[in-house]
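Colleague: I am new to this structure. Please take me closely through a single part of it, and choose a part that tells me something about the whole chain.

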Amino acid sequence: YKPPAVSGNYAQQQTHVMEDTMRTHYETEGTAATVLTQMQTQRQQLQGANQNVWEMRQATEKAKKDITSMVRRTRRKKLK
């Protein structure tokens, strides 16, 4: 933060202070908009990653069931 340079009469000083305040306000709004956009992008990435994890868990569970079934069939064949 850089405080405004104040010189001149009281009205001019107040005008400079208000201009500086408005400039800071607009800069802050711009920064906030950028941060919000980044957060929205990150949310989408996290949701995508969450979906990938869910799909991987389902695939792993199916593979586990398939392997268990194959082991059972192999054991039955050996017993016969």
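Modeller: A helix here is a DSSP run of H or I that is at least four residues in length, and helices are numbered from the N terminus. With that rule in hand, we can look at helix α1, in which T37 lies. Keep in mind throughout that this is a predicted model.

The chain contains one helix and zero strands. Its radius of gyration is 32 Å, well over the 12 Å that the globule rule gives for 80 residues, so the chain is more spread out than a compact globule. The C-alpha trace says something similar in other terms, spanning about 105 × 15 × 10 Å along its principal axes.

How far apart are the ends of helix α1? The helix covers residues 10-79, which is 70 residues. At 1.5 Å a residue, the expected span is 104 Å, because the count used is one less than the number of residues. The end C-alpha atoms are 102 Å apart, which agrees with that expectation. A shorter stretch can be checked too: the C-alpha atoms of L46 and M56, ten residues apart along the chain, are separated by 15 Å.

At the start of α1, a side-chain oxygen of N9 comes to within 3.1 Å of the backbone nitrogen of A11. Further along, T37 has a side-chain contact with the backbone: a polar atom of its side chain lies 3.0 Å from the backbone oxygen of A33. T37 is partly exposed because its relative accessible area is 45%, between the limits of 20% and 50%.

Now for the charged pairs. The structure holds two salt bridges. One of them joins R23 to D20, with the closest N and O atoms 3.9 Å apart. R23 and D20 both lie in helix α1, three residues apart, which is about one turn of the helix. R23 is partly exposed at 46% relative accessibility, whereas D20 counts as buried because its value of 11% is under 20%.

D66 and K62 also meet in a salt bridge through their side chains, at 3.0 Å from N to O. They are four residues apart in helix α1, so about one helical turn separates them. D66 is partly exposed, at 35%, and K62 is exposed because its relative accessible area of 52% is over 50%.

Which residues make a nonpolar surface patch? M18, M22 and Y26 make one of about 320 Å². M22 is found in helix α1 and is partly exposed, at 34% relative accessibility. L46, also a residue of helix α1, counts as exposed, with a relative accessibility of 62%.

These cases can be set against the totals for the chain. Of its 80 residues, 1% are buried. The accessible surface comes to about 7700 Å², and 57% of that belongs to carbon and sulfur atoms.

Technical notes. Residues are numbered from 1 along each chain as its sequence is written. Side-chain values use heavy atoms; hydrogens and water are left out. Helices (H or I, at least four residues) and strands (E, at least two) are DSSP runs, numbered from the N terminus. A polar contact is a pair of N or O atoms within 3.5 Å; within protein, one must be able to donate a hydrogen and the other to accept it, and residues adjacent in sequence count only if both atoms are side-chain atoms. Patches are made of residues with over 30% relative accessible area and no salt bridge: like charges are joined within 9 Å, nonpolar side chains (Val, Leu, Ile, Met, Phe, Trp, Tyr) within 5 Å. Accessible areas come from the Shrake-Rupley method with a 1.4 Å probe; for residues, only the protein chains shown count as cover. A salt bridge is a side-chain nitrogen of Lys or Arg within 4 Å of a carboxyl oxygen of Asp or Glu. Buried means under 20% relative accessible area, exposed over 50%, partly exposed in between (1.4 Å probe, protein chains only). The radius of gyration is taken over C-alpha atoms; the globule rule is 2.2 Å times the number of residues to the power 0.38.
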